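Got the model open in your viewer? Here is a route through it, one selection at a time.

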Amino acid sequence: MKKLGIMPRTYLAAVFVILYAPIFYLIYYSFNSGGGMSHFESFTLEHYQAVFQDTRLLIIVLNTVIIALLSALLSTTIGVIGALAIYFMKNKSARQTVLSLNNILIVSPDVIIGASFLILFTLIGVKLGFASVLISHIAFSIPIVVIMVLPKLLEMSTTLIDAALDLGASRKDVLTRVILPYIKPGIFAGFFLALTYSLDDFAVTFFVTGNGFSTLSVEIYSMARTGITLTINALSGLIFLITMVLVLGYYIIGNKAKSPQGVKK
Amino acid sequence: MRGLISSAFVIILVSGLLLFTNYQLEHKTGRVGKDTITVYNWGEYIDPDLLKQFEEEEGIKVIYETFDSNEGMMGKIEQGGTAYDVTVPSEYAVQMMEEKDLLLPLDFSKIPNVTHIDPYFMNLPFDPDNKYSIPYFWGTVGIAYNASLLEGQTFESWESLWDASLRQKLILVDSAREVIGVSLNSLGYSLNSTSLQELKEATDKLETMGPNVKAVIGDEVTQLMINNEASVALTWSGQAADMISENDDINYIVPEEGSNLWFDNIVIPRTSTNVEGAYKFINFMLDPKVAAQNAEYVGYSTPNTAALPFMDEEITEDERFYPDEKARENFEVYENLGLETLGVYNELFLKFKMGLR
Amino acid sequence: MRSKNPLRFIYATPYAAWLLLFVLAPIAVIVYYSFFDLSGHLTLANYRNFFTSIYFKLTLSSFWYAFLITFFALLISYPTAYFLTKTKHKQLWLLLIIIPSWINLLLKTYAFIGLMGIYGPINGFLEAVGIGNQQILFTDFSFVFVSVYIFIPFMILPIFNSLDKINPTLLDASKDLGANAWVTFKRVIWPMTTDGVKSGIQVVFIPALSLFMVTRLIAGNKVMTLGTAIEQQFLVTQNWGMGSTIAVFLIIFMFLIMILTSGKKGGIIK
């Protein structure tokens, strides 16, 4: 693989600068002793102290992360199964229909998803709280996993499976030894997008959560009326830092272990 | 395959660990068990120190949760599955909640401090005899402006918002009744008008304001005004107070034609599981000293007359936020116009926004 | 084909259950609501209302902005994804593209309000290079810019995945056969990545139709989308019937887009 020229490098650099600009802007003002996100007065760490003193906020952060991880994991599992089911469907128009149905949750505005899930939960009698939020997050993340996994399945040539079967591989072997390794990048892509969806969601969570349970986005949105405090900036800074350390650490360890895949997509 | 399984395993392990930490934290803060009440309020709409004080005095833990719109809050309570003990709807929402039978009637014998509320703010049309609600904060709708960014314009009249010198300067609030209300007020019609003729006239007039409108936004306006990014805004008095406390150049005025008088009110929803605790909390919040401290923290106007002497005179004598009775004559409280008419207002407002460039 | 299916039917039940409970049931609820007016009478008025000028205009402008957003997102994402596949630590770089989207969207939007403000760094830069102070916030530009920002990772990911699988020997072969870079791109790379591009378009265009929040915070409500209208109907006007009707149309549009972006070969996601 040849090295990147100067133009592509500049281009990528520009993309990264824009992607990270708002985040660094948030972090920059988290050190501001003044009240808001303008007019930097002087350097302070008081907002970071405030984060650690606020147990309620910490509980909410933990809730958010737990929900994100578990919902991404479960939705990836179900989504992969769904993608396989769609892949193996014989009837083309049925396939197309299922796929379209699959995408409905991606296009539906959050308010509708939230409102209809709320109706659903009250009908079934699920208690609003951790469980209802987790179930909803799993539900709205499944389609994105399917969308990420399916193209990988489609590009896999069917002769691969035929060959494996001809060689006497059992169905289980075909799945675990042939198909899953092949679509792995798609699975990881789906997982990370599911994580993203979960962390970003406000409207659905707001509808389906009960008292005693809240996530960070819900908290931030309800602060909007009176202004968001810099404590939240500090918190985001910390989350960003931890994420970066984890990702880089994982990548370095993964590379040292000579994993052929490196970091997973 | 092994990669996939081990990744999944790590995720489960991490989540388990986090769940455990969370459990520990919740126990440490005593959020679990004990005598608790759940207060459902707007974000940052109470002094957190007062919550601690209440917990110490009464031995009741307070779980404080927040919402960002009356409609969202009502939806949660209506669907059930929640156990909020106290919440704070705006006046029209009180009426809607009452119609849907979501509120418990109040027993005043358990709220002796209710006598501190100014009689002017009691027995209002949205809740006759205060059967279900007690006012928590109140205010007006008016114009916040930054004189240092303007060329000497004044805003004694709503008409001034149509002035050509404000081209692309005006920020409106994203709420149909307030914006159409400007037009209604300037034409001398009632803010509770249900006449299609009047509404048509009002929105036709409103459309001519289009070129002046810079944006139609929500609470973000506070920051924009404080940072000198915007010079004129239609806003609620409470928000204006926030702006003024951060930026000395900003002023707030209620134009002479009249304005809306709004209230946020304490109520006990039917979902309450600790009604006694809710009464104790309400009575506590109405204590003059507590109400004074709360009003100074939040910055909105308190209806608690007994609290006023405990507050800074500079605040309580400010006519902009505590207008005298004469000024109040032109104020109108919103009535619940019914969903049908509300729909008409919103459709007209949508049309107005679509015409903006 | 079924004989090849290593997955017995029973394994698909979680997915089928999900389809039933969280897709079909909500759709049924929405379609049901769309036939009721505010006072609970069965009616077609909501549908009639949708075809009045105002919602028709709204739909058109919604499509126009969604088109712009998708177009620019693709324009920026394709080269990004392409160059990323050429980097040494490509998986790491790809992760670094996704990470910004884990920071709360509302917070980032607030940051954009600051960045694009009259006294913000962007205007500071424009002033310094002599262009002078511009009103950036509350314009079409700011709206499209921030929306593209939000959607870029969702566009890059599928394109990256499809580019990544191209066998480099194929490109060498093309070169050996005398094709220049452009021809190689047009004849070899692009056809092999159309699937990725199509799923990218799907995950951007469709949600772009229902964007909200950004329309208010960044465009100052001067841009309206179908999502904003539904939001209003559900939360402000509390007219669930009309809100559901708009949602029904949104779902129909989605089906149409899915059909349009589905290629002839294979006939699946493409």
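Start where chains B and C meet. This is a predicted model, and in it the contact takes 23 residues from chain B and 21 residues from chain C. Select the chain B side: the elements giving two or more residues to it are α3 (70-79), β6 and α13 of chain B. If you want to colour just one of those, pick α13(B), which gives the most to the side touching chain C, with nine residues. Now colour that chain B side by class, and you should get eight nonpolar, six polar and nine charged residues.

**Stay on α13(B)**

Keep that helix selected, residues 338-354 of chain B, and add helix α5, residues 176-187 of chain B. Their axes come within 9 Å and cross at roughly 75°. At that angle α5(B) counts as roughly perpendicular to α13(B), because the range for that label is 65 to 115 degrees. Show side chains where the two helices touch. From α5(B), pick A176(B), R177(B), V179(B) and I180(B); from α13(B), pick Y345(B), N346(B), L348(B) and F349(B). What classes do the residues of this contact of α5(B) with α13(B) divide into? They come out as six nonpolar, one polar and one charged.

**Over to β6(B)**

Next up is another element from the chain C contact: β6 of chain B. Select residues 213-217 of chain B for this strand. Is β6(B) mostly covered or mostly open? Mostly covered: five of its five residues are buried. Add strand β5, residues 170-173 of chain B, and you have its parallel partner, joined to β6(B) by four bridges. To see how the pair lines up, pick L170(B), whose bridge partner in β6(B) is V213(B).

**A strand with two partners listed here**

Now select β9(B), residues 259-267. This strand is mostly covered too, with nine of its nine residues buried. Bring in β4, residues 133-146 of chain B: seven bridges join that strand to β9(B), and the two run antiparallel. For a landmark, I134(B) stands opposite I266(B) in β9(B). Then add β10, residues 331-333 of chain B, which runs parallel to β9(B) and is joined to that strand by three bridges. Here the pair to label is S259(B) with its bridge partner in β10(B), F331(B).

**Chain C on its own**

Hide the rest and show chain C as a cartoon. You'll find 12 helices and zero strands, so to speak an α-α-α-α-α-α-α-α-α-α-α-α run along the sequence. The C-alpha atoms fill a box of roughly 70 × 70 × 30 Å along the principal axes. Of the 270 residues in chain C, 50% are buried. Among chain C contacts between residues at least 6 apart in sequence, 68% join residues at least 24 apart.

**Chain A alone**

Swap to chain A, which has 11 helices and zero strands. Its C-alpha atoms fill a box of roughly 70 × 60 × 30 Å, again taken along the principal axes. Of its 265 residues, 51% count as buried. Among contacts in chain A between residues at least 6 apart in sequence, 78% join residues at least 24 apart.

**Put A and C back together**

Show both chains and select their contact: it takes 79 residues from chain C and 78 residues from chain A. On the chain C side, elements giving two or more residues include α1 (13-33), α3 (53-86), α7 (140-164), α9 (181-209) and α12 (240-260) of chain C. Which element gives the most to this side? That is α1(C), with 11 residues. Colour the chain C side by class and the residues divide into 55 nonpolar, 17 polar and seven charged.

**Last stop: the core**

Bring all the chains back and look for the largest nonpolar core, which has 266 residues. The members touching the most other members are V149(A), V86(B), I171(B) and F151(C). Highlight helix α3 of chain A, residues 55-87, which gives the most to this core, with 21 residues. Then centre on V149(A). Leaving aside neighbours within four places in sequence, V149(A) is in contact with G79(A), V80(A), A83(A), I183(A), G186(A), I187(A) and G190(A).

How values were computed: Residues are numbered from 1 along each chain as its sequence is written. Chains are lettered from A and ligands numbered from 1 in the order in which they are written. This is a predicted model: local features need pLDDT of at least 70, side-chain atom pairs count only at pLDDT 80 or more; totals for chains, interfaces and linings use all residues. A residue is buried if 20 or more other C-beta atoms lie within 10 Å of its own, exposed if 12 or fewer, and partly exposed in between; C-beta atoms are placed from the backbone. Two residues are in contact if their C-beta atoms, placed from the backbone, lie within 7 Å. Ala, Val, Leu, Ile, Met, Phe, Trp, Tyr, Cys and Pro count as nonpolar, Asp, Glu, Lys and Arg as charged, and the others, Gly among them, as polar. Two strands pair if DSSP finds at least two bridges between them. Axes are lines fitted to C-alpha atoms, for helices over the stretch in contact, and angles run from 0 to 180 degrees between N-to-C directions. Angles under 35 degrees count as roughly parallel, over 145 as roughly antiparallel, 65 to 115 as roughly perpendicular and the rest as oblique. A nonpolar core is a set of buried Ala, Val, Leu, Ile, Met, Phe, Trp, Tyr and Cys residues joined through C-beta atoms within 7 Å.
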